[in-house]
Amino acid sequence: MNCRDWEERISLHAGGDLPPLEAVELERHLRECAGCQVLASGLKQSLALLQEAHDEPLAEAHFSAVRARVVAELEPERRRGALWARRRAWSFGLAAAVVVLLAGMALWPGRTPERPAPVVAANHPLVIADPEEPPAVPRPHGRVARRVVPSTVPDTPDPEPLMVKLQTDDPNVVIYWIADRKRGE
Amino acid sequence: MERMKALALLATDGPMDDSEDHAKPAGFPLEAAKTGDLAAFELLMRQYERLVLVTALRLLGTLEDAQDASQEVFLRLYRNLNKVETPGNLSGWLYRVTVNVCHDAQRKRQVSGPMEDAAGLPALGADPQRATVEAERRRALEMSLRMLSEKERTVLVLRDLEGLSTEEVARALGTTEATVRSQVSKARMKVKDFLERYFRRRT
């Protein structure tokens, strides 16, 4: 075998990349061939030199400069992301509140017992004519005298408003939905 | 050759790189970073910044380009954190993305940057003689890498400088182990020839 044919194997062997059997065979050749020994030794020395140069530490400032640039670029990105997350939480909270409100409104009448017949209250004061009273003498200008009778509808207190409390992801934010209820509801 | 030996011997008792400490998985902040915790992500960057920046520096040759590439790699990491399932996947992912980002940068650049940049980085040691030797060694490294093709350089950096296995290199580059072996063999021969000429000329 020509020494040129050994070159690739010597090169691989210098970096420890030759399979064991081939390495044994190569080492046998190296013991017999001075030219290949020089080649192998030169390869190992050049690799050692490169490795030593490569392993020299770099100044910390070079690394911290990169870190600072990365953080400076990521900080606004992270803030935008947090803002979007908060908005998303708000919209989910709002949607949930609407759902709860609608459900509450739909279910509310079912919870109350039999509702009393609605009392029809006159919007205007009733006017009742007294039969024992002489008929009203028409006034010169033609207007009829009338007696005002107070409304028979009893006063009922205003009902409590409907209030739904909704807790969001943010412990500092609580949503209250308040809806007025009609009388009798 | 003698000069190379001297440099190599001098380097054996040189300062140790503390980067391995950064790669320790203790208190791994990956899960916290996934929730958008920037402080945790900064911790994650500290653990892997040497891997990314030094690899980029070897592939691109200038510190400025390497820092730009590192920034891009970490931004991609932040935006793809959910794709990284375990810390064990992270190194391979970072090597792959670093290589891709550097290759993109090289294609955009197309013109070789100044050679002095990476080689001219100030040495950390206080001894001026040692600093000179280290600067010389860095220059040799940068020039050796620069005369390789993109593929050869990438394979040599990952296999011989970063110490990945042939299988890991193949996985990071999306190629076969046979291709990696062939490329790394050629790269080593070229580097050896270059360094012999380089030091012969300088002595």
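**Exercise 1. Find which residues G92(B) contacts, leaving aside neighbours within four places in sequence, and classify its exposure.**

Solution.
- Set aside the neighbours within four places in sequence; G92(B) is then in contact with E168(B), R171(B) and A172(B).
- The model is predicted.
- Place the residue: G92(B) sits in helix α6 of chain B, residues 87–109.
- Check a distance. L164(B) is 72 residues away from G92(B) along the chain, and their C-alpha atoms are 9.5 Å apart.
- Count neighbours. G92(B) has 14 C-beta neighbours inside 10 Å. Buried needs 20 or more, exposed 12 or fewer. G92(B) therefore counts as partly exposed.

**Exercise 2. Test the length of α5(B) against its expected span, then decide how enclosed the helix is.**

Solution.
- Take 17 residues at 1.5 Å a residue; the expected span is 24 Å.
- Compare with the model: the end C-alpha atoms of α5(B) lie 24 Å apart, which agrees.
- Turn to burial. Twelve of the 17 residues are buried, so α5(B) is largely enclosed by the rest of the structure.
- Name some of them: the buried residues include L63(B), A66(B), S70(B), F74(B) and Y78(B).
- For context, 39% of the 203 residues of chain B count as buried.

**Exercise 3. Describe how α5(B) packs against α6(B), with angle and handedness.**

Solution.
- Start with the axes. They come within 9 Å and cross at roughly 130°. That angle makes α5(B) oblique to α6(B).
- Add the hand: the crossing is right-handed.
- List the residues. From α5(B) come D65(B), A69(B), E72(B), V73(B), R76(B) and L77(B). They meet L94(B), V97(B), T98(B), V101(B), C102(B) and A105(B) of α6(B).
- Sort by class: the contact has eight nonpolar, one polar and three charged residues.
- Recall the helix rule. An α-helix has 3.6 residues a turn, so residues three or four places apart point the same way.

**Exercise 4. Summarise the fold of chain B and its side facing chain A.**

Solution.
- Count elements: chain B has eleven helices and zero strands.
- Weigh the contacts. Among those in chain B with a separation of 6 or more, 66% join residues 24 or more positions apart.
- Move to the interface: 44 residues of chain B are in contact with 37 of chain A.
- Find the contributors. α1, α4, α5, α8, α9 and α11 of chain B each supply at least two residues to that side. α11(B) gives the most, with nine residues.
- Finish with composition: the chain B side has 21 nonpolar, eight polar and 15 charged residues.

Note on methods
Residues are numbered from 1 along each chain as its sequence is written. Chains are lettered from A and ligands numbered from 1 in the order in which they are written. This is a predicted model: local features need pLDDT of at least 70, side-chain atom pairs count only at pLDDT 80 or more; totals for chains, interfaces and linings use all residues. Two residues are in contact if their C-beta atoms, placed from the backbone, lie within 7 Å. Helices (H or I, at least four residues) and strands (E, at least two) are DSSP runs, numbered from the N terminus. Ala, Val, Leu, Ile, Met, Phe, Trp, Tyr, Cys and Pro count as nonpolar, Asp, Glu, Lys and Arg as charged, and the others, Gly among them, as polar. The expected span of a helix is 1.5 Å times one less than its number of residues. Axes are lines fitted to C-alpha atoms, for helices over the stretch in contact, and angles run from 0 to 180 degrees between N-to-C directions. Angles under 35 degrees count as roughly parallel, over 145 as roughly antiparallel, 65 to 115 as roughly perpendicular and the rest as oblique. A crossing is left-handed if the near helix is turned anticlockwise from the far one by less than a right angle, and right-handed if clockwise.
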